[in-house]
There are 2 protein chains.
Amino acid sequence: MSGTPHDPPHDVDPVRLGAYFALIEVTSLLRHAIEQQLHEDGGLTFVRFQVLMRLHRSPTGSHRMTDLADAVVVSRSGLTYQAGLLERAGLVVRSPSPDDERGVTITITDAGRALLGRVLPGHEEVVGDLLFEPLSRTDAQTLADLLAPVRDHMRAAPPRSVVSRRRGGRAARDG
Amino acid sequence: MSGTPHDPPHDVDPVRLGAYFALIEVTSLLRHAIEQQLHEDGGLTFVRFQVLMRLHRSPTGSHRMTDLADAVVVSRSGLTYQAGLLERAGLVVRSPSPDDERGVTITITDAGRALLGRVLPGHEEVVGDLLFEPLSRTDAQTLADLLAPVRDHMRAAPPRSVVSRRRGGRAARDG
DNA sequence: TCTAGTTGCTTCGAATTCGAAGCAGGTCTA
DNA sequence: TAGACCTGCTTCGAATTCGAAGCAACTAGA
């Protein structure tokens with residue numbers, strides 16, 4: 001059990017703990033390595049890379065600012081800052097959204113796609129070497145299958161409900 | 001297939017891509033939610049929480065600065081900054097290492113453990129609700145089993161080799 | 001023992017992040 | 001249409017992050 005003089009009283013499933021710790025650790029290490037590679041190969045941060053990738057993978061090459069911020073999990077003000085940098089570098093363009101005068105549409109430029117082209121090989125190399133080296137194809141499939149529902153679950157529960165967890169709080173568990 | 005006019009030429013295994021994206025996304029969302037909870041419940045950032053946790057879980061309640069920085073995947077200067085904040089708050093103590101005059105040993109205090117005690121229930125709640133809600137116990141075990149080797153692999157390949165990937169670079173794969 | 005090189009930590013400046021506040025543009029209701 | 005409220009984005013200040021540089025202490029070789 002727990003509750004020894006110095007232990008905060010809690011009983012955590014060691015299996016869950018291991019999974020949680022490993023998840024955090026793996027992602028921290030991976031992200032750190034990726035930052036290095038992106039910086040060296042294209043002067044990009046991971047956030048800017050994710051922004052470009054999301055835009056590149058969009059059929060229209062563009063997104064609304066807010067949607068993009070949610071997609072890459074960054075604050076709106078943070079995205080504004082990054083969009084400014086990317087725009088100054090000529091990698092994206094911002095324009096007023098056609099349907100909503102308040103909205104801003106951010107679009108990747110050819111230069112942005114070209115930069116991705118220069119950066120992606122090294123990126124794939126790092127991810128391949130660090131993340132997938134110890135994983136079989138089946139393992140990768142399993143990992144994806146495990147994480148997809150988690151992602152959907154997290155996306156479904158609006159972030160706001162987590163933020164305001166204190167108010168209403170553990171009623172979610174108690175009720 | 002790739003190489004359409006606007007596509008950077010690369011063929012990525014969609015399974016790997018899905019696993020990689022889900023991993024990044026899940027961890028970003030989880031970390032964001034955790035930051036919120038820790039801030040509300042104890043005025044902690046995730047980094048400071050990790051520092052306290054590592055120290056708390058250590059048999060001696062202490063670590064060398066460098067080892068701790070590696071453990072929580074943060075720069076040395078970053079840890080110095082956080083250690084300063086934690087020390088000012090009375091949650092840790094820094095003292096010269098006995099064996100190496102240069103070294104600094106950082107130790108968690110009773111106040112630090114007490115704060116963990118106040119913060120951990122909410123932390124476990126958030127992690128349980130967001131990460132493990134869609135996962136069975138078996139799933140959690142599988143996830144842990146998949147990620148543990150990846151973590152060990154990443155730890156084995158010293159970060160430095162990743163940093164200096166450009167020099168020597170893909171020889172690691174070619175050789 | 002001296003000297004050169006390495007290691008451990010901190011300081012410094014620059015970049016990035018966030019949340020709060022501000023502002024312009026929508027939306028809803030009477 | 002007017003008024004109140006909501007939304008989308010940006011600006012602002014504060015906090016956090018990193019890498020480079022600096023400094024003290026250790027180690028190895030002559």
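This report walks through a predicted model with chains A and B, from overall make-up down to single residues.

## Chain A at a glance

Start with the parts list for chain A: 8 helices and 3 strands. Going along the sequence, those elements come in the order α-α-β-α-α-β-β-α-α-α-α.

Chain A has 175 residues, and 45% of them count as buried. Its exposed surface comes to about 8700 Å², with carbon and sulfur atoms supplying 54% of that area. As for contacts in chain A between residues at least 6 apart in sequence, 50% join residues at least 24 apart.

## The sheet in chain A

The 3 strands of chain A make an open, antiparallel sheet, and the order across it is β1-β3-β2. β1 and β2 sit at the edges with a single partner strand each, so one side of each has no neighbour in the sheet. On average, neighbouring strands here are turned by 25 degrees against each other, if you ignore direction.

Now for the pairings themselves. β1(A), residues 62-64, runs antiparallel to β3(A), residues 104-108, and 3 bridges join them. On the other side, β2(A), residues 92-96, pairs with β3(A) over 5 bridges, again in the antiparallel sense. A handy residue to find in your viewer is Thr105(A) in β3(A): it is the bridge partner of Arg64(A), and Ser95(A) stands opposite it too.

## The sheet in chain B

Chain B also has an open sheet of 3 strands, antiparallel and ordered β1-β3-β2. Its edge strands are β1 (62-64) and β2 (92-96), each of which pairs on one side only. From one strand to the next, the twist averages 25 degrees.

Between β2(B) and β3(B), residues 104-108, there are 5 bridges in the antiparallel sense. One pair to look up is Pro96(B) with its bridge partner Val104(B) in β3(B).

## Helices lying across the sheets

In chain A, helix α2 (residues 46-57) lies across β1, β2 and β3, at about 90 degrees to β3(A). In chain B, helix α2 (residues 46-57) lies across β1, β2 and β3 of that chain, and runs at about 90 degrees to β3(B). Helix α3 of chain B (residues 65-72) lies across those three strands as well, running at about 95 degrees to β1(B).

## A buried leucine on α2

Let's zoom in on Leu52(A), which belongs to helix α2 of chain A. Is Leu52(A) buried or exposed? Leu52(A) has a relative accessible area of 0%, so it counts as buried.

What does Leu52(A) touch, leaving aside its neighbours within four places in sequence? The contacts are Leu44(A), Leu86(A), Leu91(A), Val92(A), Ile108(A), Gly112(A), Leu115(A) and Leu116(A). With Leu116(A), the C-alpha atoms are separated by 7.4 Å, although the two residues are 64 apart along the chain.

## Where the chains meet

Helix α1 of chain A (residues 14-42) packs against helix α5 of chain B (residues 110-132) at an angle of about 80 degrees, their axes 12 Å apart. That angle is why α1(A) counts as roughly perpendicular to α5(B). From α1(A), the contact uses Arg16(A), Ala19(A), Tyr20(A) and Leu23(A). From α5(B), the residues are His123(B), Val127(B), Gly128(B), Leu131(B) and Phe132(B).

Tyr20(A) turns up again in the largest nonpolar core, which has 96 residues. The members touching the most others are Tyr20, Phe49 and Leu131 of chain A and Tyr20, Phe49 and Leu131 of chain B. As background, nonpolar side chains in soluble globular proteins tend to be buried together. Phe49(B) is worth a click: beyond its neighbours within four places in sequence, its contacts include Tyr20(A) from the other chain. From chain B itself, Phe49(B) is in contact with Leu38(B), Leu44(B), Leu116(B), Val119(B), Leu120(B) and His123(B).

## A valine with positive phi

Most residues other than glycine have a negative phi. Val73(A) has a positive one, near 55 degrees. Val73(A) is in the loop between α3 (65-72) and α4 (76-88) of chain A. With 22% relative accessibility, Val73(A) counts as partly exposed.

In chain B, Val73(B) has a positive phi near 60 degrees. Its place is in the loop between α3 and α4 (76-88) of chain B.

How values were computed
Residues numbered from 1 in each chain as written. Chains lettered and ligands numbered in written order. Predicted model: local features only at pLDDT ≥ 70, side-chain atom pairs only at ≥ 80, totals over all residues. Heavy atoms only, no water. Helix = DSSP H or I, 4+ residues; strand = E, 2+ residues; numbered from the N terminus. Buried < 20%, exposed > 50% of the residue type's maximum accessible area, 1.4 Å probe, protein only. Contact = heavy atoms within 4.5 Å. Areas by Shrake-Rupley, 256 points an atom, 1.4 Å probe, with all protein chains shown as cover. Pairing = 2+ DSSP bridges. Axes fitted to C-alpha atoms, helices over the stretch in contact; angles between N-to-C directions. Core = buried A, V, L, I, M, F, W, Y, C linked by side-chain atoms within 4.5 Å. Parallel < 35°, antiparallel > 145°, perpendicular 65-115°, else oblique.
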